[in-house]
Amino acid sequence: MPDGGDPDRMTRALVTGANKGIGFEIAKALRSHGVDVIIAARDRKRGAEAARALDTPFVQLDVTDDQSVARAAGEVESGGATLDILVNNAGVLLELDHRDPALVPIELVTRTFDTNVFGAIRVTNAFLPLLRRAPAARIVNVSSRLASLTRALEGTPSHLTFLAYNSSKTALNAVTLQYAIALRGTTIKINAVDPGHSATDINGRMGDRPPAEAARLPVRLALLPDDGPTGAFISNDGEVPW
């Protein structure tokens, strides 16, 4: 776990989009490390069921809604003065049937950015005051290998063309870097992570690894020691070129 502070103090984490898939497995793995995890999800019923399965608190949070995010931050603060870990996992892929950029409806692009980019900013800003109170907070933004501009230009065989999704994850990486620069000189570390091509609902379960395996790297970044990186884009193979 992150270094510093009272060793007897319970580490608290919030994971967005944690009612299923990688988010749920991240929450489950953090629980196994003794972290007090808060399940955050837009769907109240599914989120509550996931929280019951892990015997952990639930907070309803729609990352596209300012009031929902602010209300969730208030609920989390009322349950404790600090937050040690924030995992911005909530995301959407809406264009499985739209591979030609010219045919992607602009409304679909807007919806994608509202969740994958603006949602992460909303949540980070809302919870940053709680993260600043922690001895050594960690922020993990769940990105994708498809965010790498370098690999796209190289024509990597596994690179798929999704106008909205890919560009939103590239933007999320840029957002991650801006926060890392702004938080220099603090004990807060923020990184983007490529969890790998996992079989989840977001991609029609076409990934090559189960969500539990994909959750391992985000969890490792959530538990970074003080000498760990910040402002990086990391995969299981190491740092990913921007």
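## Exercises on a predicted model

Thr-161 sits in the loop between α5 (149-154) and α6. This is a predicted model, and the exercises below start from that loop residue.

### Exercise 1: a loop residue and a distant partner

Task: Decide whether Thr-161 is buried, partly exposed or exposed, and find how far its C-alpha atom is from that of Leu-96.

Solution:
- Step one, the surface. Thr-161 has a relative accessibility of 42%, so it counts as partly exposed.
- Step two, the distance. Thr-161 and Leu-96 are 65 residues apart along the chain, and their C-alpha atoms are separated by 9.7 Å.

### Exercise 2: from the loop into helix α6

Task: Work out how helix α4 and helix α6 are oriented to each other, and which residues make the contact.

Solution:
- Step one, the geometry. Helix α4 covers residues 106-133 and helix α6 covers residues 163-182; they pack at an angle of about 20 degrees, with axes 8 Å apart.
- Step two, the class. Angles under 35 degrees count as roughly parallel, so α4 is roughly parallel to α6.
- Step three, the hand. α4 and α6 cross in a right-handed way.
- Step four, the contact. On the α4 side, the residues include Leu-108, Thr-112, Phe-113, Val-117 and Ile-121. On the α6 side, they include Leu-163, Tyr-165, Lys-169, Leu-172 and Tyr-179.
- Step five, the chemistry. The contact of α4 with α6 has 13 nonpolar residues, six polar and one charged.

### Exercise 3: the other neighbour of α4

Task: Describe how α3 packs on α4, and sort the residues of their contact by class.

Solution:
- Step one, the geometry. Helix α3 (residues 66-78) meets α4 at an angle of about 20 degrees, and the axes are 8 Å apart.
- Step two, the class. α3 and α4 are therefore roughly parallel to each other, and their crossing is right-handed.
- Step three, the contact. α3 supplies Asp-66, Val-69, Ala-72, Ala-73, Val-76 and Glu-77, while α4 supplies Arg-122, Val-123, Ala-126, Phe-127, Leu-130 and Arg-133.
- Step four, the chemistry. Sorted by class, the contact of α3 with α4 holds eight nonpolar residues, no polar and four charged.

### Exercise 4: the helices α1 and α2

Task: Find the angle between the axes of α1 and α2, then the hand of their crossing.

Solution:
- Step one, the geometry. The axes of helix α1 (residues 21-32) and helix α2 (residues 44-54) cross at roughly 25 degrees and come within 11 Å.
- Step two, the class. α1 and α2 are therefore roughly parallel to each other.
- Step three, the hand. The crossing of α1 and α2 is right-handed.
- Step four, the contact. Phe-24, Ala-27, Lys-28 and Arg-31 of α1 meet Ala-50, Ala-53 and Leu-54 of α2.
- Step five, the chemistry. The contact of α1 with α2 divides into five nonpolar residues, no polar and two charged.
- Step six, a look past α2. Asp-55 lies in the loop between α2 and β3 (58-60). Asp-55 has a positive phi of about 55 degrees, although it is not a glycine. With a relative accessibility of 62%, Asp-55 counts as exposed.

### Exercise 5: aromatic pairs

Task: Say how many aromatic pairs the whole structure holds, and classify the pair of Phe-113 and Phe-118 and the pair of Phe-233 and Trp-242.

Solution:
- Step one, the search. Across the whole structure, two aromatic pairs are found.
- Step two, Phe-113 and Phe-118. Their ring centres are 6.3 Å apart and the planes stand at 55 degrees, so the pair is tilted. Phe-118 is partly exposed, at 40% relative accessibility.
- Step three, Phe-233 and Trp-242. This pair is stacked, at 5.9 Å centre to centre and 25 degrees between the planes.
- Step four, the surroundings. Phe-233 is buried, with a relative accessible area of 0%, whereas Trp-242 is partly exposed at 38%.

### Exercise 6: a residue of strand β7

Task: Is Ser-235 buried or exposed, and which residues is it in contact with beyond its neighbours within four places in sequence?

Solution:
- Step one, the place. Ser-235 belongs to strand β7 (residues 233-235).
- Step two, the surface. Its relative accessible area is 6%, so Ser-235 is buried.
- Step three, the contacts. Apart from neighbours within four places in sequence, Ser-235 touches Asp-194, Leu-217 and Val-240.

Definitions and conventions. Residues numbered from 1 in each chain as written. Predicted model: local features only at pLDDT ≥ 70, side-chain atom pairs only at ≥ 80, totals over all residues. Heavy atoms only, no water. Phe/Tyr/Trp six-rings, centres within 6.5 Å; stacked < 30°, edge-to-face > 60°. Buried < 20%, exposed > 50% of the residue type's maximum accessible area, 1.4 Å probe, protein only. Axes fitted to C-alpha atoms, helices over the stretch in contact; angles between N-to-C directions. Helix = DSSP H or I, 4+ residues; strand = E, 2+ residues; numbered from the N terminus. Parallel < 35°, antiparallel > 145°, perpendicular 65-115°, else oblique. Left-handed = near helix turned anticlockwise from the far one by under 90°. Contact = heavy atoms within 4.5 Å. Nonpolar A, V, L, I, M, F, W, Y, C, P; charged D, E, K, R; others polar.
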